Amino acid sequence: MNPILEIRELHKSYAGQPALRGIDFSVSRGQIISVLGPSGCGKSTLLQLIAGLQQPDGGEVRLRGEAVSTASKLVPPEKRNINMVFQDYALWPHMSILDNISYGLKRKKASSADIRAKVGELLRLLHLEPFAERLPAQLSGGQQQRVAIARALATQPDLLLLDEPMSNLDMRLRIEMRTELSYLLRKLGTTVFHVTHDPEEAFAMADRLVIMRSGGIDQIDRPEACYRRPATASVASLLGAGNRLAGPIAEGGAAPAIRLDGAFVAGRTASDWSARGPAEPAIALFRPDAAAWETEDARASDPGAEVAAGAEAGIADSREAGFFAAPAFNRLAARIAHSAFEGNRWRVLAETGTGDMLSLFHHEPLKAGTRGWLRFPVDETYLYPATAGSER
Ligand code: ADP
């Protein structure tokens, strides 16, 4: 099937500073794409180029097969069958909710019967029926957002652009809305290009994630694939792998690993790992959620502990100790530094022998000074060569 939107080799600079460095991807009909990345990575620039609000320096934007933005051609926004929901919703303040939603259909000279039917359906789907006669200022932020979405959907655009659509909602409403919106957009079969800096919002919304950094794309994949197999250190950090250990690449083990002052930390590798040799600097990243705390008592009663024992701190001569049989877990000796209450769990800081401060979650606070082991699965530890891009 032909894609609705194609982005090819898109380049854009501001006063000589590149904001987009050759972006490529496409979106098929009915697909929801979320573009995720930190502030300044080029998300808004990309959105504006797709909307026709800015012109690229090179490459092209194609809609339904037609080139609409190139360095020499710019189809104006109103001539693209695209609608956008802005961060501040941009509702017309003097028009009722009904008129706001009907506006596009009236401009397109739809019949009054069509307008009534279409707008009636959207009021119902977005739970806005009780507010049809009110003005935008008489609605809450969440209700205004639903009006902006209804208005954008009324004319059935080829593509809906969502620019940080939840940024003005409080946290509870944000969580509710992203799930509801993801359900509604799928039910309507809308093709969506969604931009956010919030990974959870992107996960909840997207069929496919485009993860950007510094004007380029680090990874395009399904949300779960990006989460399980982050292609770069910056994707891993962005998607929650906040624990970081640094050390040289270990030599000759059954699993790729880094060496940490006598201990090994084994993990999964991404494509740029194989080009690196032993002793080159590298980092290991893992999520606090993946880590568990073990004391001597717990280890003694855990039959699986023996298998992975070689990966723990202090085993320098580990050839016989199990590490070279590809362990399932990494274990690092550590000391509890602090526990902080987070509602349904405690976030605990533990300091390793190498002075690294690592986070884990626990169901109760752990006493500062307690010694034990931080255990985390090799499968959920991500190894990357230490390059400029792996800095946090
Ligand atoms: P994001 O939406 O991911 O925060 P932007 O697309 O807004 O990123 O910005 C990408 C880069 O381009 C940033 O370095 C930003 O400072 C720069 N930039 C964005 N818009 C302009 C502009 N109108 N003039 C000059 N520089 C800009």
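Biologist: Where is glutamine 156 placed in this model?

Modeller: The model is a predicted one. Glutamine 156 sits in the loop between helix H4 (141-154) and strand E7 (159-163).

Biologist: Why is glutamine 156 called exposed?

Modeller: Exposed means over 50% relative accessible area. Glutamine 156 has 54% relative accessibility, so it counts as exposed.

Biologist: What is notable about the phi of glutamine 156?

Modeller: Phi is positive there, about 50 degrees, although glutamine 156 is not a glycine. Most residues other than glycine have a negative phi.

Biologist: Which value does phi take in glutamate 164?

Modeller: Phi is near 45 degrees in glutamate 164, again positive in a residue other than glycine. Glutamate 164 belongs to the loop between E7 and helix H5 (171-188).

Biologist: Is glutamate 164 buried or exposed, and what makes it so?

Modeller: The cut-off for buried is under 20% relative accessible area. Glutamate 164 has 9%, and therefore it is buried.

Biologist: Now the ligand. How do you know that threonine 45 makes a polar contact with the ligand?

Modeller: A polar contact needs a pair of N or O atoms within 3.5 Å. A polar side-chain atom of threonine 45 is 2.5 Å from an oxygen atom of the ligand, so the pair meets the cut-off. With glycine 40 it is a backbone N or O atom, 2.6 Å from a ligand oxygen.

Biologist: How much of the ligand does the protein bury?

Modeller: The protein buries 54% of the 560 Å² that the ligand exposes when taken alone.

Biologist: Which helix gives the most to the shell around the ligand?

Modeller: Helix H1 (residues 43-51) does, with 3 residues.

Note on methods. Residues are numbered from 1 along each chain as its sequence is written. This is a predicted model: local features need pLDDT of at least 70, side-chain atom pairs count only at pLDDT 80 or more; totals for chains, interfaces and linings use all residues. Side-chain values use heavy atoms; hydrogens and water are left out. Helices (H or I, at least four residues) and strands (E, at least two) are DSSP runs, numbered from the N terminus. Buried means under 20% relative accessible area, exposed over 50%, partly exposed in between (1.4 Å probe, protein chains only). A polar contact is a pair of N or O atoms within 3.5 Å; within protein, one must be able to donate a hydrogen and the other to accept it, and residues adjacent in sequence count only if both atoms are side-chain atoms. Accessible areas come from the Shrake-Rupley method with a 1.4 Å probe; for residues, only the protein chains shown count as cover.
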